[in-house]
Amino acid sequence: MFDDQRLRPIHDKVMSGERLSFEDGVTMYRSPDILGLGAMANVVRERINGNATFFNVNRHINPTDVCVAQCKLCAFGKQVRDPDGYTMSLEQAWEVAGRGWTEAVTEFHIVGGLHPTLTLDWYCELLRGLKQRFPRVHLKAFTMVEIGYFATRTKQTIRQVLEKLKEAGMDSLPGGGAEIFAEPVRRIICDHKIDGNAWIETAREAHALGLHSNCTMLYGHVESEEDRVDHLLRLRALQDDTKGFQTFIPLAFHPANTPLHHIPPTSGFDDIKNIAIARLLLDNIPHIKAYWIMMTPRMAQIAQRFGSDDLDGTVVEEKIYHDAGATTSQSLRRDELERLIREAGREPVERDTLYRRVERGAVPEAAFTILV
Ligand code: V47
């Protein structure tokens with residue numbers, strides 16, 4: 001089964017359910033045996049999620065791309081005085097949310113730049129207005145980085161900010177902004193962002209308030225294999241404490257239009273390896289998402305046999321990856337997602353943000369039921 005004999009002891013551990021170590025992680029990243037890694041990851045994926053591949057019907061909303069952080073990894077954030085930058089009014093954001101309301105969206109995914117003047121009250125009002133207009137839609141809003149920024153700007157604690165946003169309608173948090181926790185790497189790719197410890201501690205606070213979140217890792221820039229494993233194991237350690245992460249999403253760095261444009265894009269080989277290794281190391285996080293916008297639908301489909309059990313959703317409008325040169329479409333219909341999943345031999349399962357099954361009626365665009 002293995003081209004690379006170094007994977008044998010890892011295989012024995014995986015089969016007996018033993019936790020993998022830091023050294024195992026580095027060995028896997030250094031191994032070219034993508035089929036061996038994929039076979040092991042597939043065993044774990046089927047153990048946890050059977051034959052299901054999950055997707056959801058969601059819409060992204062990015063209220064502003066104006067950002068004081070100016071991370072080198074990013075092509076989305078615009079400087080305060082950049083004429084190309086935009087900031088929606090509350091009415092515009094609510095209007096955008098309703099655009100293309102043909103698939104009975106179950107989730108709004110809301111993230112934006114670190115804006116210099118928008119207030120926490122403005123963000124609370126944004127959420128309240130969305131809940132008023134779309135009461136059944138789950139609001140997955142604001143990365144740990146945005147939460148940290150709101151706290152600094154308003155001189156409140158992380159907990160106070162989270163409580164206010166939760167009260168206004170925030171249901172959970174997306175996984176962005178984690179990048180790579182190792183400080184020397186962070187100094188190069190995102191030096192003005194909160195540090196790795198602050199990201200972890202903000203997630204801990206959110207989980208303690210009963211808010212679930214996702215988590216991510218940005219790979220394929222200046223990080224080492226050790227940095228990747230360190231990042232994954234720090235996520236795993238937090239999950240041991242809180243059980244608050246729902247899904248992990250490995251994110252391939254897209255260099256176009258960023259100050260790091262000289263870095264070559266990741267290969268399909270590395271993208272698939274990251275899915276498989278995440279599935280093997282993150283034994284306590286239930287889902288591994290192959291974000292089709294980032295990987296392309298073709299690779300996200302292949303990933304369903306290499307450890308992933310989720311494709312993300314319909315998305316509708318995507319800016320962060322498309323500003324950085326993504327050539328994927330901006331949206332997929334429900335039936336297109338289902339076809340990709342079926343062709344991979346998996347059972348398509350529409351989920352809500354909390355991974356409860358969603359049932360559609362005779363007119364799927366009109367109504368849905370969340371099965372508890
Ligand atoms: O935090 C920014 C990354 C993230 C680039 O939680 C870039 O369900 C590659 O977190 N190249 C945002 N990546 C996306 C994200 C996400 C996406 C889908 C689902 C979920 C979820 C979360 O994208 C950022 C950053 O890590 N990013 N710029 C770039 N040039």
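## The nonpolar core

Let us start inside the protein, where the largest nonpolar core brings together 113 residues. The residues with the most contacts inside this core are F108, I110, F142, L165, W199 and F248. Keep in mind as you explore that this is a predicted model.

L165 is a good place to pause. Setting aside its neighbours within four places in sequence, L165 is in contact with L120, Y123, C124, L127, F142, I147, F150 and M170. One of these partners, F142, is itself among the core residues with the most contacts.

## Helix α1 and its two sides

Now turn to helix α1, which spans residues 8–16. Which residues of α1 are buried? They are I10, H11, K13 and V14. These four sit on the same side of α1, because they cover an arc of only 160 degrees around the axis. An α-helix has 3.6 residues a turn, so residues three or four places apart point the same way. On the other side of α1, you will find D12 and S16 exposed.

What lies over the buried residues of α1? The cover includes α2 (22–30), α3 (34–49) and α11 (268–281). Just after α1 comes G17, with a positive phi near 75 degrees.

## Helix α2

Helix α2, part of the cover of α1, has buried residues of its own: D24, G25, V26, M28 and Y29. Among the elements that cover them are α1, α3, β6, α10 (225–242) and α11. So that you can follow the pairing, note that α1 and α2 each appear in the cover of the other's buried residues.

## The largest pocket

Next, look for open space. The largest pocket has a volume of about 910 Å³, and 47 residues line it. Nearest its centre lie L73, C74, G177, E179 and I320.

Several elements contribute to this lining: α6 (144–154), β6 (212–219), β7 (245–252) and α14 (320–323) each supply at least two residues. Strand β6 also belongs to the cover of the buried residues of α2. By class, the lining of the largest pocket has 21 nonpolar, 16 polar and 10 charged residues.

## The second largest pocket

The second largest pocket holds about 220 Å³ of space. Its lining is made of 16 residues, and those nearest its centre are H254, P265, M294, G325 and A326.

How many residues of each class line the second largest pocket? There are 9 nonpolar, 6 polar and 1 charged.

Methods:
Residues numbered from 1 in each chain as written. Predicted model: local features only at pLDDT ≥ 70, side-chain atom pairs only at ≥ 80, totals over all residues. Heavy atoms only, no water. Buried < 20%, exposed > 50% of the residue type's maximum accessible area, 1.4 Å probe, protein only. Arc of directions from axis to C-beta. Contact = heavy atoms within 4.5 Å. 1 Å grid on protein atoms, 1.4 Å probe; cavity = no way out; pocket = protein on both sides within 12 Å on 5 of 7 lines; lining within 4 Å. Points joined across faces, edges and corners; volume = space filled by probe spheres on them. Nonpolar A, V, L, I, M, F, W, Y, C, P; charged D, E, K, R; others polar. Core = buried A, V, L, I, M, F, W, Y, C linked by side-chain atoms within 4.5 Å.
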